[in-house]
Amino acid sequence: MLREKTGAGKTERLRVQHSFEPVYDEHSEILILGSFPSVKSREIQFYYGHPQNRFWKLIAALTEEDVPQTIPEKKELLYRHHIALWDVVQSCEIIGSSDSSIRDVTPTDLNRILRTSPIRKIFANGDKAFQLYRKYCQETTGRTIERLPSTSPANAAFSLEKLTELWRERLFAVEEDRKDSL
């Protein structure tokens, strides 16, 4: 593991490996990609683990369901609504949870999901996931990605209500396309 002390010795750049599995099944139609798990997500071994991240509240609002509390509840919510979840980066050098510090990227093999699930649309949860996908994955997958505003608490420009409105417009357009094709 690479360690690089910076500043007053308080921040370290670490080489970190993504350590938990994507969430998807043979019915997943929407793929939502983050950049790389936060320190808190790595600790609990699941996506969007920081209590201030609005991802799970947003998904609950979009699906009109209760906010899931446990990892099994979160997975079931995604499965019920044909949503797959993963990150663009498999390993990288990173300082804490800072997306802007991500360096020396090894991308995930997104074709693992794309080969087995009928994904209609890929969405990036925020700018960094969007940029990383375009740089490291788009050529390999042959698929475009749509950027959505980040659910991170650092994205203070968007309230949960505004995030819900914007995400609903984009995600439900995919749902309408699915219904039209049935």
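Here is a quick tour of the aromatic rings and the largest pocket in this predicted model.

## Rings that pair up

Let's start with the aromatic side chains. The structure has six aromatic pairs. One of them joins Phe46 and Tyr47, whose rings meet edge-to-face, with 5.3 Å from centre to centre and 75° between the planes. Both Phe46 and Tyr47 are buried.

Phe46 also pairs with Trp56. Here the planes sit at 15° and the centres are 6.0 Å apart, so this pair counts as stacked. The pair ties together distant parts of the chain, ten residues apart: Phe46 lies in the loop between helix 1 (39-44) and helix 2 (55-63), while Trp56 belongs to helix 2.

How buried are these two? Phe46 has a relative accessibility of just 2%, so it counts as buried. Trp56 comes in at 5%, so Trp56 counts as buried too.

## The wider cluster

Step back a little, and Phe46, Tyr47 and Trp56 turn out to be part of one aromatic cluster, which also takes in Phe20, Tyr48, Phe55 and Trp167.

## A charge over a ring

Now for another kind of ring contact. The charged end of Arg147 sits over the ring of Phe130, 4.0 Å from the ring's centre.

## The largest pocket

Next, the open space. The largest pocket has a volume of about 560 Å³. It is lined by 24 residues, and the closest to its centre are Ser38, Asn53, Ser97, Asp99 and Ser152.

What classes of residue make up the lining of the largest pocket? There are 14 polar residues, six nonpolar ones and four charged ones.

How values were computed
Residues are numbered from 1 along each chain as its sequence is written. This is a predicted model: local features need pLDDT of at least 70, side-chain atom pairs count only at pLDDT 80 or more; totals for chains, interfaces and linings use all residues. Side-chain values use heavy atoms; hydrogens and water are left out. Rings of Phe, Tyr and Trp (its six-membered ring) pair if their centres lie within 6.5 Å; planes under 30 degrees apart count as stacked, over 60 as edge-to-face and the rest as tilted. Buried means under 20% relative accessible area, exposed over 50%, partly exposed in between (1.4 Å probe, protein chains only). Helices (H or I, at least four residues) and strands (E, at least two) are DSSP runs, numbered from the N terminus. A charge sits over a ring if NZ of Lys or CZ of Arg is within 6 Å of the ring centre and within 35 degrees of the ring normal. On a 1 Å grid over the protein atoms alone, a cavity is a set of points where a 1.4 Å probe fits but cannot get out, and a pocket is an open set with protein on both sides within 12 Å along at least five of seven lines; lining residues have an atom within 4 Å of a point. Grid points are joined across faces, edges and corners, and a volume is the space filled by probe spheres set on the points. Ala, Val, Leu, Ile, Met, Phe, Trp, Tyr, Cys and Pro count as nonpolar, Asp, Glu, Lys and Arg as charged, and the others, Gly among them, as polar.
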